[in-house]
Amino acid sequence: MQKLKLSLTDRLAIERTRLANERTFLAYFRSGVVFSSSGLAIIKLQILEEIEWIGYALVIIGPILFLVGLFRFLYVKRSINKNTII
């Protein structure tokens with residue numbers, strides 16, 4: 001695929017796309033941390049023994065959510081960089 005020289009408008013649009021990709025990754029990261037910490041809190045609190053299984057589920061889902069966000073971030077970043085010259 002031949003790369004084309006981009007106009008200023010196109011370069012700014014690509015930069016906005018890069019920033020949006022980073023914000024999306026940070027949202028995945030933040031959600032993963034919240035899921036994991038909420039799960040740990042549920043597991044540790046004696047008063048919530050009847051829903052302890054939810055805590056274990058959240059502790060498992062948190063890192064999975066982070067990894068999905070990381071792979072998505074890297075995929076989109078590679079796709080943007082492959083098709084542009086700035």
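Student: How much area does the chain expose, and what share of it do carbon and sulfur atoms supply?

Tutor: Accessible areas come from the Shrake-Rupley method with a 1.4 Å probe, and for residues only the protein chains shown count as cover. In this predicted model, the chain exposes about 6,600 Å², and carbon and sulfur atoms supply 67% of that area. Residues are numbered from 1 along each chain as its sequence is written, and side-chain values use heavy atoms, with hydrogens and water left out. Because the model is predicted, local features need pLDDT of at least 70 and side-chain atom pairs count only at pLDDT 80 or more, whereas totals for chains, interfaces and linings use all residues.

Student: What does the radius of gyration say about the overall form of the chain?

Tutor: The radius is taken over C-alpha atoms, and the globule rule is 2.2 Å times the number of residues to the power 0.38. For a compact globule of 86 residues the radius would be near 12 Å, but this chain has 19 Å. Along its principal axes the C-alpha trace spans about 60 × 20 × 10 Å.

Student: Which secondary structure elements make up the chain?

Tutor: Helices (H or I, at least four residues) and strands (E, at least two) are DSSP runs, numbered from the N terminus. Here the chain comes to two helices and zero strands, and E50 is found in the loop between α1 and α2.

Student: Is E50 buried or exposed, and how far is E50 from A13 in space?

Tutor: Buried means under 20% relative accessible area, exposed means over 50%, and partly exposed lies in between (1.4 Å probe, protein chains only). E50 has 58% relative accessibility and therefore counts as exposed. From C-alpha to C-alpha, E50 and A13 are 50 Å apart in space, with their positions 37 residues apart in sequence. I60, placed in helix α2, also counts as exposed, at 54% relative accessibility, whereas buried residues make up 19% of the 86 residues in the chain.

Student: Which residues does N21 touch, not counting those up to four places away in sequence?

Tutor: Contact means heavy atoms within 4.5 Å. N21 lies in helix α1 and is buried, with a relative accessible area of 6%; not counting residues up to four places away in sequence, N21 touches R72, F73, V76 and K77. Across the chain, among contacts between residues at least 6 apart in sequence, 68% join residues at least 24 apart.

Student: How many aromatic pairs does a search of the whole structure find?

Tutor: Rings of Phe, Tyr and Trp (its six-membered ring) pair if their centres lie within 6.5 Å; planes under 30 degrees apart count as stacked, over 60 as edge-to-face, and the rest as tilted. The search of the whole structure finds three aromatic pairs. In one of them, the ring centres of F25 and F66 are 6.0 Å apart and the planes stand at 55 degrees, so the pair is tilted. This pair links distant parts of the chain, with F25 in helix α1 (residues 8–44) and F66 in helix α2 (residues 52–82), 41 residues apart. F25 counts as buried at 17% relative accessibility, whereas F66 counts as partly exposed at 27%.

Student: What are the distance and the angle between the rings of F25 and F73?

Tutor: F25 and F73 form a tilted pair, 5.2 Å centre to centre with 35 degrees between the planes. F25 lies in helix α1 and F73 in helix α2, so this pair ties together parts that are 48 residues apart in sequence. F73 counts as buried, at 15% relative accessibility. Ring pairs link F25, F29, F66 and F73 into a cluster.
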